[in-house]
Amino acid sequence: MTRKEQKEEKRQKILMTALTLFVERGYYDTKITDIAAAVPMSTGLMFHYFESKEELLLELVKMGVAGTKSASTGVEIPPDIYLTKFLEQLFSYAKEQPWVFNMFVLMGQVRRSGMPEEARQVALSVDTIDSTAKLIEQGQKSGVFRNGDAKLLSTCFWASVQGVMEEMAMDKEMKAPDPEWILSILLA
């Protein structure tokens with residue numbers, strides 16, 4: 001392994017450790033020394049990778065935003081099938097890569113007021129509610145989804161997904177629900 005690869009591997013280890021600690025303890029209750037000790041590495045060396053805890057949080061949020069944007073569709077797929085397949089893939093991937101559960105939790109936390117403002121604004125830039133509302137409106141026009149406020153339905157859908165991801169982050173043995181259960185919130 002090259003020096004560059006070793007450095008990137010250590011950087012990822014710091015990010016994943018910080019992600020876990022931020023979710024388990026909270027951002028403000030996690031100290032930079034806690035992260036360094038859990039990696040393990042000296043606090044001084046960690047500052048060679050990230051200048052501050054805020055920078056570390058911002059990098060995690062950018063990862064979360066990038067993951068969210070990669071889930072958007074450009075292909076014409078019926079909205080109910082798209083959302084079902086999306087949930088199947090999300091739950092499957094999260095079981096293979098448990099950090100995904102923590103990322104969902106962290107992104108929900110960072111969106112709240114009181115968090116470092118730059119990270120909060122980046123987290124708020126993710127437009128899952130509005131983009132899913134557009135899918136719901138398509139499904140309403142075709143009679144697949146129930147009538148009603150598409151944005152409110154989208155909010156309920158994502159609140160359910162968020163809740164499931166938070167529970168699965170805390171209970172590693174929990175089985176993923178059938179995506180159809182969550183999709184039933186929307187079905188006509």
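Me: Which residue lies over the face of Tyr49?
Reply: Happy to help; bear in mind that this is a predicted model. The distance to the ring centre of Tyr49 is 5.9 Å. The residue lying over that face is Lys7.

Me: And which residue has Lys53 over the face of its ring?
Reply: Here the gap to the ring centre is 4.4 Å. The ring below Lys53 belongs to Tyr27.

Me: How many aromatic pairs does the structure hold, and how are Phe22 and Tyr27 arranged: stacked or edge-to-face?
Reply: There are five aromatic pairs in the structure. For Phe22 and Tyr27, the ring centres are 5.1 Å apart and the planes meet at 65°. Planes over 60 degrees apart count as edge-to-face, so the Phe22 and Tyr27 pair is edge-to-face.

Me: Are Phe22 and Tyr27 buried or exposed?
Reply: Good one to check alongside the ring geometry. Phe22 and Tyr27 share one label here. Both are buried.

Me: What kind of aromatic pair do Tyr82 and Phe86 form?
Reply: Their centres are 6.4 Å apart, with 25° between the planes. Planes under 30 degrees apart count as stacked, so the pair formed by Tyr82 and Phe86 is stacked.

Me: Why are Tyr82 and Phe86 separated by about one helical turn?
Reply: Both belong to helix α5, which covers residues 79-96. Tyr82 and Phe86 are about one turn apart because their spacing in that helix is four residues.

Me: Which residues form one aromatic cluster with Tyr82 and Phe86?
Reply: Tyr82 and Phe86 are both buried. Their partners in the cluster are Phe157 and Trp158.

Me: How many helices and strands does the protein have?
Reply: Along the sequence the pattern reads α-α-α-α-α-α-α-α-α-α. That comes to 10 helices and zero strands.

Key
Residues numbered from 1 in each chain as written. Predicted model: local features only at pLDDT ≥ 70, side-chain atom pairs only at ≥ 80, totals over all residues. Heavy atoms only, no water. Phe/Tyr/Trp six-rings, centres within 6.5 Å; stacked < 30°, edge-to-face > 60°. Buried < 20%, exposed > 50% of the residue type's maximum accessible area, 1.4 Å probe, protein only. Helix = DSSP H or I, 4+ residues; strand = E, 2+ residues; numbered from the N terminus. Lys NZ or Arg CZ within 6 Å of the ring centre and 35° of its normal.
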